[in-house]
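Work through these short exercises with the model open. Each task is followed by a stepwise solution.

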Amino acid sequence: MASFTPNLEPAPDTSLQFKPKKPRITLQTPSSCPSNQRTQRIKRWRTQRDQHIYSSKLFQALRRSRRTSASREVHETADRVLAGLARGTTRWSRAILTARKVTKHKKAKLPTNNRLRKPDIYRERRKTPAVERKLKVLGRLVPGCRKLSFSNLIEETSDYIAALEMQVRAMTAITEFLCGGTGGGPQPPADRLPSNVNS
Amino acid sequence: MSGRRSRSKQSSVSSITDDQITDLVSKLQHLIPELRRRRFDKVSTSKVLQETCNYIRSLHREVEDLSDRLSQLLASTDSDSDQAAIIRSLLMQ
């Protein structure tokens, strides 16, 4: 059933060949029926394979660019590759990519989901102002999610957090390799970042 | 997924029920390492959101630090294609 299984074993070399020919595969988990779409999304950033793909893409991007001496460039490259992996399926990834296409000062305005907007008076009945405030802060932290409805925002946040965790794992791995594996990079605590999903 | 937005069927104006809210909040709670241990206690929505923001900020900081370190490392190990090939093959294992 599974064309690949995410586990601790080293990924086969064919993962490199997959990239130019069928980049779509990066998003597909072993299950292909539509009812498991939600499970697919939950496991999306947690497989070893995804992390390997991201690491290699990031590394190639970093080596290609001559201006990687600035930490900001590295950060933006990392974000851009991460958003690229999402293939435009999430708002935050689209926001990152479009923000880079335009200048840095102007963020592209994304269409908001207007039919889900509730008038303020009804919203306050459901959630307290404190929660409202925190929702706003959260919306500012996740790129491109300032004016989302509650459920959309939570969905985006979950995906964003998973992606960020993978980004941290991958960049830590790259750093360790560049250091020669002498333990120069920070070790993410094993219980904090679940990096393996056994399907 | 489309069942969530059954706006026309509900008598109240709000398009999302309280159950859905608690559902989503608990799903978010599960993702946050701080709150994962306390899964069986009732954690307030406000606290979950607060911890989410803190967690995202700390992840941002980590990525910042890592990219800082990476930029320094890359500056020192520059323009060595053999080394890059080795590292790339190591990354794939």
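Accessible areas come from the Shrake-Rupley method with a 1.4 Å probe, and for residues only the protein chains shown count as cover. This is a predicted model, in which local features need pLDDT of at least 70, side-chain atom pairs count only at pLDDT 80 or more, and totals for chains, interfaces and linings use all residues. Residues are numbered from 1 along each chain as its sequence is written, chains are lettered from A and ligands numbered from 1 in the order written, and side-chain values use heavy atoms, without hydrogens and water.

**Exercise 1. Describe the surface and the elements of chain A.**

Step 1. The accessible surface of chain A is about 10900 Å². Carbon and sulfur atoms hold 52% of that surface.

Step 2. Chain A has 8 helices and 0 strands. (Helices, H or I, have at least four residues and strands, E, at least two; both are DSSP runs, numbered from the N terminus.)

Step 3. Of the 199 residues in chain A, 46% are buried. (Buried is under 20% relative accessible area, exposed over 50%, partly exposed in between, with a 1.4 Å probe and protein chains only.)

**Exercise 2. Place A:Leu82 and list what it touches.**

Step 1. A:Leu82 sits in helix H4, residues 71–85 of chain A.

Step 2. Its relative accessibility is 1%, so A:Leu82 counts as buried.

Step 3. Leaving out residues up to four places away in sequence, A:Leu82 touches A:Trp45, A:Tyr54, A:Trp92, A:Ala163, A:Met166 and A:Gln167. (Contact means heavy atoms within 4.5 Å.)

Step 4. A:Leu82 and A:Ala163 are 81 residues apart along the chain, yet their C-alpha atoms are separated by 7.3 Å.
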